[in-house]
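Colleague: Please pick one helix in this model and take a close look at it. Then work outwards from that helix to the rest of the model.

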Amino acid sequence: MDLNQNKLKVSVTLLRILIGWHFLFEGVVKLYNPEWTSFGYLATAQGPFKWFFTALVGDATIGWVDTLNIVALMVVGITFILGIFERVGAFVGMGLLALYFFAHPPFPGLTQLNVEGSYWFVNKNLIELVACLVIYQLPTGQYFGLEHLRKNKLTKMQEQ
Amino acid sequence: MKWTRRDLLIGLGGLPILGAVWWAGAANTVGSRRKRSEILEQLNITPSLPPAVPGIGGEPVRVGIIGFGIRGEQLCRALGFATENWKEQMRLAAQEDPNNHALEDFMGQEKLNVKLVGICDVFDVRAQNFIDSFSTPENPIKRYITYKDMIGSGDVDAVVIATPDHWHAPISIEALNHNVHVYVEKPMTHTVGETYLLRDAAKNSKAVLAVGHQHRQTLSFSTARDIVEKGTLGHVSLIQTNTNRNDDNGAWNYDIHEKASPETIDWEQFLGSAPKVPFNKNHFFRWRKWWAYGSGLSGDLLTHDYDRLNCVLNMGIPSSVSASGGIYTHNDGRNVPDVIQVNMEFPDYSTGSSQAKGKEKGMTFCYSATLGNGFNRPTILMGHDATMELGNKLTIWPDGASTRYAEMIEAGKMNPGVPIYQYNPAANVPDAISSATSQYFADKGLMWTYIDGVRVDSTFLHMREWLSVIKNGGKVSCGINEGFEEAISAHMAGLSWKLGRKIEWDPNTEMLKPIEGIDFDEVLLANGTWDMKPEMVG
């Protein structure tokens, strides 16, 4: 049983780091490219929430939307890779992915823009969202991550 | 409190991963941006800024409209006047397709300092529609039975001519002789002879003449001029430009109005100089299909493509033109071809060369058109160093064997398959254009241009420029000289198709090189191809 627990921890930690890697890279690439904007992605939104996404592309809002997106991507990336406050990161990640999913949902009858595969209701955004849910349910920061030092510090202080 | 080495490994193990990912992302982005800016620096292209014109101040310009058909209505909208009927149609279109912004764009269009004062249209229904739409108690609109009445009335400062082609020159000349300003649709004239008469009239008149090649306002075209002038493309030896349409509207089979009859249409006046044929609705509404009133593909659509390129390259009248084609897609009684290929030769023209002096000189302009297929063949300029696709957007690809970019291609900084420059003033603006014909014009940058990402009707800009020059002086971007080059080139194409032989231009005498036994204008006006009379052949 203990051995299985260990295997699970290793697997979830690996999952956590890879998702963090993905988010951080996306965030950093956008951070260093001042010309990047989510305008195109939002302006071409499809499906039942189109009204919401197209409302975000106004001159007054688009700058905020872009900045928040970068910050959120990096929050998920940093918390997942470093293994600290990962539940906050997982929560933010699920929110982001839900937005990405609903902006261009893989529903039948909708045009699929800029997708590299074939999808029916389920796409990679949705799968990564559920993976974030797993991270949320099974925090591993204490097993591998800064959380380990924080926790350790507390227990050591209690011992004294 | 002490952490063991193991604690630190477990606790800080993520840090190197974080550092690596961060570094990779930053280096990647900064690197590709640097590569891009190096290319851009080398190209040194200045994207064009929106044209600034002095305001149209003082009393409003009093405008008379001659011809209120499809194009006449479009020109009135550019002046700020739309019929209720059109607004209603666009309201419905916007309900059906939220991306259709035609009405919104029209409502947001800057108001020009003009007053519509008169209408001249030989079809009662259209004249009445004009009056019903735009006449108000404060500003009653007068209907003039003939264009001479309107021009001679003293009540109009300027006229907009959107008639069939055979009326363009006579009306323009009459107006210019009365110092009334003219905005005339393309092609500027219907015959070679008229082209000289109109040029003289324009030179002797105090009035301003503008030819309706609105794409001269398109931002991508002025940027393209900068690109070519900077030698970005190297020596351009071939230009390919095309018409690809496959719908009734595009083949000039416009709707025939239910109220059209000899009672509602002044048939004699419509015919003018054209052969006297009995009343014919088909001829009236679909006049573009007959040489007697229109000029077929060469006058109607080649002129757009020719002038588009002439505004970028300033290449002038070709030294010779050969054309071929036929009536292959719409054998419905028309006598203008619906498939045509026109080759224009410019043996002394060059856009500059990156190779040994004297190696490169001369260019062919190739116009290829069909009204039986709508596949979008873009306009491309083919240079030794790069290829440019020209439309509302601009894209430039380096050529694999370029001399100018050889080092950058060698160093992997450029790749023949990857564009080195893209200019899209409409970036990210979702767009809807209703019909296939509109899409055809929009793709060519003939309909819309973009200013700060906002869609602006290029016809509006073109008319605004004309009105500004009327008030403030200056030069219109498509005036008599540009119109002269456009008209002569188009007539050469028409003549070549009709005669089945090469037509040559003599730049010294500014005349077509004569062909024995041939009266060019007789050939141009004749219906269909020209039958060589036996005595001429023998």
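Modeller: What follows starts with one helix and its neighbours, and then moves out to the domains, the second chain and the remaining sheet.

Residues are numbered from 1 along each chain as its sequence is written, with chains lettered from A and ligands numbered from 1 in the order in which they are written. The model is predicted, and local features need pLDDT of at least 70, side-chain atom pairs count only at pLDDT 80 or more, and totals for chains, interfaces and linings use all residues.

The part to look at is α8 of chain B, residues 168-177. Helices here are DSSP runs of H or I with at least four residues, strands are runs of E with at least two, and both are numbered from the N terminus. Seven of the ten residues of α8(B) are buried, so the helix is mostly covered; buried means that 20 or more other C-beta atoms, placed from the backbone, lie within 10 Å of the residue's own, against 12 or fewer for exposed and anything in between for partly exposed. The buried positions are His168(B), Ala169(B), Pro170(B), Ile171(B) and Ser172(B), then Ala175(B) and Leu176(B). After the helix comes Asn179(B), with a positive phi near 55°.

The buried residues of α8(B) pack against β1 (61-66), α7 (147-152), β4 (158-161), β5 (181-184), α9 and β6 (209-211) of chain B. Contact is counted when the C-beta atoms of two residues, placed from the backbone, lie within 7 Å.

Among these neighbours, β4(B) is covered on both faces. Ala158(B) and Val160(B) are buried on one side of the strand, and Val159(B) and Ile161(B) are buried on the other. In general, side chains in a regular strand alternate between the two faces of the sheet. β4(B) pairs with β1(B) in the parallel sense over four bridges, where pairing requires at least two DSSP bridges between two strands. One of the partnerships is that of Ile66(B) with Ile161(B) in β4(B). β4(B) is also joined to β5(B) by four bridges, and these strands run parallel. There, Ala158(B) has His181(B) of β5(B) as its bridge partner.

Next, the domains. Chain B is assigned domain 1 (61-216) and domain 2 (218-254 + 263-453 + 481-537), with bounds taken from an automatic or database domain assignment. The C-alpha centres of domain 1 of chain B and domain 2 of chain B lie 25 Å apart. In their contact, 29 residues come from domain 1 of chain B and 41 residues from domain 2 of chain B. On the domain 1 side, α6 (124-134) and α9 (192-204) of chain B each supply at least two residues. α9(B), which the buried residues of α8(B) also pack against, gives the most to that side, with four residues. The residues of the domain 1 side are eleven nonpolar, twelve polar and six charged; nonpolar covers Ala, Val, Leu, Ile, Met, Phe, Trp, Tyr, Cys and Pro, charged covers Asp, Glu, Lys and Arg, and the others, Gly among them, are polar.

Chain B also meets chain A. Here 21 residues of chain B are in contact with 25 residues of chain A. α1 (5-12) and α2 (14-43) of chain B are the elements that give two or more residues to the chain B side. The largest share, 13 residues, comes from α2(B). That side divides into twelve nonpolar, seven polar and two charged residues.

Chain A has seven helices and zero strands. An unreviewed UniProt entry lists residues 12-32, 52-81, 88-107 and 127-146 of chain A under "transmembrane region"; such annotations may be inferred rather than shown by experiment, feature names are shortened, and positions are given in the numbering used here. Residues 52-81 of chain A are 90% helix and 0% strand, with end C-alpha atoms 32 Å apart.

Elsewhere in chain B, an open sheet of ten strands with mixed pairing has the order β14-β13-β12-β11-β7-β10-β9-β8-β17-β18. Its edges are β14 (421-423) and β18 (511-512) of chain B, which have a single partner strand each, so one side of each is left without a neighbour in the sheet. Within the sheet, β11 (379-383) and β12 (386-390) of chain B run antiparallel and are joined by four bridges, with Leu381(B) partnered by Met388(B). Over the whole of chain B there are 20 helices and 18 strands, and 44% of its 538 residues count as buried.
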